[in-house]
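Grab a pencil and open your viewer. Here are a few exercises to work through, each followed by a solution that goes step by step.

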Amino acid sequence: MFHRNIKIVLTVLIFAAAVWQFTENNVGNGIFLIIISLLPLALYFRNEFILLAFLQMRKQNFPGAQKWLAKIKNPETALIKKQQGYYNYLQGLMVSQTNLNQAEKFFKKAIELGLNMDMDLAVAKLNLAGIALSRRRKLEATNLINEVKKLDKQGMLKEQITMMKEQMKRI
């Protein structure tokens with residue numbers, strides 16, 4: 001895993017080699033190197049290990065996703081701010097099965113750092129609402145569920161929201 005600034009330096013070096021190939025009248029090599037220079041630039045904004053962890057999550061392979069996330073040793077230096085948000089989001093999803101205290105910290109940090117998609121933000125807040133309900137913090141859970149309703153524009157979380165409301169009535 002490369003530091004995020006190394007990816008930028010690598011992109012600049014490959015692009016410089018492409019310019020050099022153009023000056024040497026090797027147009028094909030120059031075009032190929034420009035295309036290759038886009039790879040480290042893309043991986044600067046979309047971390048490869050987070051992408052692989054999402055792929056494992058999609059397959060419902062939680063240990064595999066945890067394995068890929070464990071390869072990120074120091075997320076503060078290796079990831080940009082939004083990627084740190086997704087790193088904490090994924091860690092929260094993994095830990096929510098076993099340790100609610102730690103999951104709550106991960107989800108709050110993910111929301112603080114920011115998530116690109118409204119659906120991811122809604123899922124993080126829904127998980128926080130579930131944790132708040134389990135700790136009998138009904139007001140906090142109600143506020144979070146109202147925020148989830150606003151974020152869930154496609155209605156994919158309607159069933160989970162109704163289940164949460166039913167649980168709130170019991171408390």
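Before we start, one definition: helices are DSSP runs of H or I with at least four residues, numbered from the N terminus. Keep in mind, too, that this is a predicted model.

**Exercise 1. The surface patch**

Task: work out which helix gives the most to the nonpolar patch.

Step 1. Find the members. Ile8, Val12, Leu38, Leu41 and Phe45 make up a nonpolar patch on the surface, and together they have about 430 Å² of accessible area.

Step 2. Sort them by helix. Both α1 (4–23) and α2 (27–45) supply at least two residues of the patch.

Step 3. Pick the main contributor. That's α2, with three residues.

Step 4. Zoom in on one member. Leu41 sits in helix α2. Its relative accessible area is 32%, and since partly exposed covers the range between 20% and 50%, Leu41 is partly exposed.

**Exercise 2. The nonpolar core**

Task: describe the largest nonpolar core, and say which helix gives the most to it.

Step 1. Start with the core itself. The largest one has 42 residues, and those with the most contacts inside it are Ile50, Tyr89, Leu90, Leu93, Phe107 and Leu157.

Step 2. List the elements behind it. Two or more residues come from each of α3 (48–58), α4 (62–70), α6 (81–95), α7 (100–113), α8 (118–134), α9 (138–151) and α10 (158–170).

Step 3. Name the top contributor: α8, with 11 residues.

Step 4. Put it in context. Nonpolar side chains tend to be buried together in soluble globular proteins.

Step 5. Check the surroundings of one well-connected residue. If you skip neighbours within four places in sequence, Leu157 is in contact with Met119, Ala122, Val123, Leu126, Val148 and Asp152.

**Exercise 3. One helix up close**

Task: decide whether α6 is largely enclosed or not, and compare its span with the expected one.

Step 1. Get the span. α6 has 15 residues and reaches 21 Å from its first C-alpha to its last, which is close to the 21 Å expected at 1.5 Å a residue.

Step 2. Look at burial. Of the 15 residues of α6, 13 are buried, so this helix is largely enclosed by the rest of the structure.

**Exercise 4. Following the charges**

Task: trace the salt bridges around Glu104, then look at the one formed by Lys153.

Step 1. Get the overall tally. Searching the whole structure turns up eight salt bridges.

Step 2. Take the first pair. The side chains of Glu104 and Arg135 meet in a salt bridge, 2.4 Å from N to O. Glu104 lies in helix α7 and Arg135 in the loop between α8 and α9, so the pair ties together parts that are 31 residues apart in sequence.

Step 3. Compare the partners' accessibility. Glu104 is buried at 9%, whereas Arg135 is partly exposed at 29%.

Step 4. Widen the view. Glu104, Lys108, Arg135, Arg137 and Glu140 are linked in a network of salt bridges. Within this network, the side chains of Arg137 and Glu140 meet at 2.9 Å, N to O. Arg137 is partly exposed, with 27% relative accessible area, and Glu140 counts as partly exposed at 27%.

Step 5. See what else Glu104 touches. Not counting residues up to four places away in sequence, Glu104 touches Leu128, Ile131, Arg135, Arg137 and Glu140.

Step 6. Move on to Lys153. Lys153 forms a salt bridge with Asp118, and the closest N and O atoms are 2.8 Å apart. This pair links distant parts of the chain: Lys153 is in the loop between α9 and α10, Asp118 is in helix α8, and they are 35 residues apart. Lys153 is exposed at 59%, while Asp118 is partly exposed at 34%.

**Exercise 5. Positive phi**

Task: say where Asn25 and Arg136 lie, and whether they are buried or exposed.

Step 1. Begin with Asn25. Its phi is near 65 degrees, a positive value in a residue other than glycine. Asn25 lies in the loop between α1 and α2, and at 66% relative accessibility Asn25 counts as exposed.

Step 2. Turn to Arg136. Arg136 isn't a glycine either, yet its phi is positive, about 65 degrees. You'll find Arg136 in the loop between α8 and α9, where Arg136 is exposed at 61% relative accessible area.

Notes: Residues are numbered from 1 along each chain as its sequence is written. This is a predicted model: local features need pLDDT of at least 70, side-chain atom pairs count only at pLDDT 80 or more; totals for chains, interfaces and linings use all residues. Side-chain values use heavy atoms; hydrogens and water are left out. A nonpolar core is a set of buried Ala, Val, Leu, Ile, Met, Phe, Trp, Tyr and Cys residues joined through side-chain atoms within 4.5 Å. Buried means under 20% relative accessible area, exposed over 50%, partly exposed in between (1.4 Å probe, protein chains only). Contact means heavy atoms within 4.5 Å. Patches are made of residues with over 30% relative accessible area and no salt bridge: like charges are joined within 9 Å, nonpolar side chains (Val, Leu, Ile, Met, Phe, Trp, Tyr) within 5 Å. Accessible areas come from the Shrake-Rupley method with a 1.4 Å probe; for residues, only the protein chains shown count as cover. A salt bridge is a side-chain nitrogen of Lys or Arg within 4 Å of a carboxyl oxygen of Asp or Glu. The expected span of a helix is 1.5 Å times one less than its number of residues.
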